[in-house]
Structure formats: C-alpha cells, structure tokens
Amino acid sequence: MLSTANTDKRSRTPAKKLGRPSDVTKRAAIIDAAAQSFFDVGFAASSIEQIASHAGVSKVTIYNHFGDKRALFMAAVEVECEKMRGYFSLDEMPKGSIRERLTTIGQAMDAFLTRPEMIQFERRIAAETESEPAIGLAFLEAGPWQMKQSFSAFLSHATQSGELNVEDPNLAAEQFVSMCKGMGDLERRFGADVAKSDRDRRIAGAVDVFLNAYGSKSVEHS
C-alpha cells in the first residue's frame, strides 16, 4: 500500500510542475492572436471573444491575464516592439565601431517600420485615434516612447564611454530617428514603393550627419 501511495504521489508531482509553462504558453498564444487581430482589423473591431477563440482559450483566461482589451493591446505592442528594442541593448548590440552600431540600429529600425503589417497597423491606429485618442496614447506608451527611452540610454552609454558627445540624449535620439526615416516614412504611409537602396543611402547619410554633430574627436568614425 505504501509503495502504491508513493507511486501515485510521484505521478501527480509532474502535473503540478507543468502548470507554469502552460500559463506562459497560454499568455504567448493570447498575445499572438491579439497582435494578429489588431494588425488585421484594428483595435475597435477586435473582440475578446474572437481573440480567445483563435488562441484556444476562454474569455475568462484573457481577463485573468490582462484585465481588459486595452491592456492586451499594450502587451501585444510591447512584445512586437521588444524585437526592435533588442538592438539598443548593450548585451545584444553587435560589436564594432560606433558608426557600425548606429548603422545597424538604423537598418533594424527601417526593416521594422517598413514591414507591410506594421504599416497597416499604424494606419489603423491613426484612424481609430480620431474617435478615441486614448488608443493612440496607449500605442505611444507601449511602443515608440519605450523605444526612444532605450535608444536614449544607448546614446548616454556611448557618451560615457567616450564614443559620442551627446548633451541631450532624448533630443539626439529623435534627430537620428527622423533622419533615418526621412521623406521615405511619409512616402510609404501613402503607398509609394521606396527602394531599399534609397533607404540604405538615407541611413548612411543620417549616420554621417549624426557623427559630424555628436561624434567624439578622440574616436575614429570612418
């Protein structure tokens, strides 16, 4: 009897350990389904019921994890933008000169923003912000503002290490991003096909101008 009881106890133990991975998997599935829905039909047209169905969970599970649709929206945007923020991480940043790292950041940002689904998503958010400004603010808080903060921290670190001479990292971050996007950002929003060669040339020019303005005299930039 003791042996059987111990066997039963051991057989139940793994089931308890599987609980946490199951929650993590469910959360990831919910965010994936939500992001797809937000990209496809926008925030207003996305329903918790539909997202739950696509994620293979119940509505209650979504509410338990996120609380409401706006919190789910922010989580989905944060996960998407995390792919971009990795390029600002000191741990993830490729090795090389400051010129090479800035070029890598500019190219990664361009690749991220020019994906068809991101262009479509931005258009939907802009349209929905007309009737509900809070949606636009939620997008800014979950994505662009966090990415700006990460890039500003990178510029501050580069200044502390002597590679750059930036007094206002937040302003410098905006300037670099604006130069990398240039007119191409407006063109893509209105359906123009911007050649990759033109985008690469714009990024190279942005890096040149940025380093001329903020490059440390003691660091070789070429």
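Which residues does the UniProt annotation "DNA-binding region" cover? I looked this up before anything else. The annotation comes from an unreviewed UniProt entry, and there it covers residues 47–66. The model I am working with is a predicted one.

**Entry 1: the annotated span**

I checked how residues 47–66 are built. The span is 80% helix and 0% strand. I then took the C-alpha atoms at its two ends and found them 14 Å apart. One residue I looked up here was His54, which is found in helix α3. I asked whether His54 is buried or exposed. Its relative accessible area is 58%, so I noted His54 as exposed. I also noted a neighbour in space: the C-alpha atoms of His54 and Ala33 are separated by 6.0 Å, although the two residues are 21 residues apart along the chain.

**Entry 2: the whole chain**

I went on to count the elements. The chain has 11 helices and 0 strands. Reading along the sequence, I wrote the pattern down as α-α-α-α-α-α-α-α-α-α-α. Of the 222 residues in the chain, 37% are buried.

**Entry 3: aromatic rings**

How many aromatic pairs does a search of the whole structure find? I got 10. I followed two of them. For Phe38 and Phe73, the ring centres are 5.4 Å apart and the planes stand at 75°; edge-to-face pairs have planes over 60 degrees apart, so this pair is edge-to-face. Phe38 lies in helix α2 (residues 19–41) and Phe73 in helix α5 (residues 69–85), so the pair ties together parts that are 35 residues apart in sequence. I found Phe38 buried, and Phe73 as well.

The next pair was Phe43 and Phe73. The centres of their rings are 5.4 Å apart and the planes are at 80°, so I wrote this pair down as edge-to-face too. Phe43 sits in the loop between α2 and α3 (48–55), while Phe73 is in helix α5, and the pair links these distant parts of the chain, 30 residues apart. Both Phe43 and Phe73 are buried.

I then looked for a wider group. Phe38, Phe39, Phe43, Phe73, Phe121 and Phe139 form one aromatic cluster. I also noted Lys69, which lies over the face of Phe43, at 4.5 Å from the ring centre.

**Entry 4: helix α7**

I tested the length of helix α7 (residues 116–131). What span should its 16 residues have at 1.5 Å a residue? The expected span is 22 Å, because the rule multiplies 1.5 Å by one less than the number of residues. The end C-alpha atoms are 24 Å apart, which agrees. I listed the buried residues of α7 as Met118, Ile119, Phe121, Glu122, Ile125 and Glu128.

**Entry 5: the cavity**

I searched for enclosed space and found 1 cavity of 30 Å³ or more. The largest cavity holds about 70 Å³ of space. Its lining is made of Ala35, Phe38, Phe39, Phe73, Ala76, Val77, Glu80, Cys81, Met118 and Phe121. The elements that give two or more residues to this lining are α2, α5 and α7. Which element gives the largest share? I found that α5 does, with 5 residues. Phe38 and Phe73, which I had noted as an edge-to-face pair, are both among the lining residues.

**Entry 6: the pocket**

I turned to the largest pocket, where about 530 Å³ of space lies. It is lined by 23 residues, and Pro144, Trp145, Met147, Val177 and Lys181 lie nearest its centre. Two or more lining residues come from each of α5, α6 (98–113), α7, α8 (133–142), α9 (144–160) and α10 (169–189). The most comes from α10, which gives 8 residues.

**Entry 7: two more residues**

I finished with Glu82 and Val209. Glu82 is found in helix α5. With a relative accessible area of 44%, Glu82 is partly exposed. Glu82 and Gln146 are 64 residues apart in sequence, and their C-alpha atoms are 9.3 Å apart in space.

Val209 has its place in helix α11 (residues 196–214). Val209 is partly exposed, with a relative accessible area of 45%. From Val209 to Phe176 I noted 33 residues in sequence and 8.8 Å in space, C-alpha to C-alpha.

Technical notes. Residues numbered from 1 in each chain as written. Predicted model: local features only at pLDDT ≥ 70, side-chain atom pairs only at ≥ 80, totals over all residues. Heavy atoms only, no water. UniProt positions renumbered as here; feature names shortened; annotations may be inferred. Helix = DSSP H or I, 4+ residues; strand = E, 2+ residues; numbered from the N terminus. Phe/Tyr/Trp six-rings, centres within 6.5 Å; stacked < 30°, edge-to-face > 60°. Buried < 20%, exposed > 50% of the residue type's maximum accessible area, 1.4 Å probe, protein only. Lys NZ or Arg CZ within 6 Å of the ring centre and 35° of its normal. 1 Å grid on protein atoms, 1.4 Å probe; cavity = no way out; pocket = protein on both sides within 12 Å on 5 of 7 lines; lining within 4 Å. Points joined across faces, edges and corners; volume = space filled by probe spheres on them.
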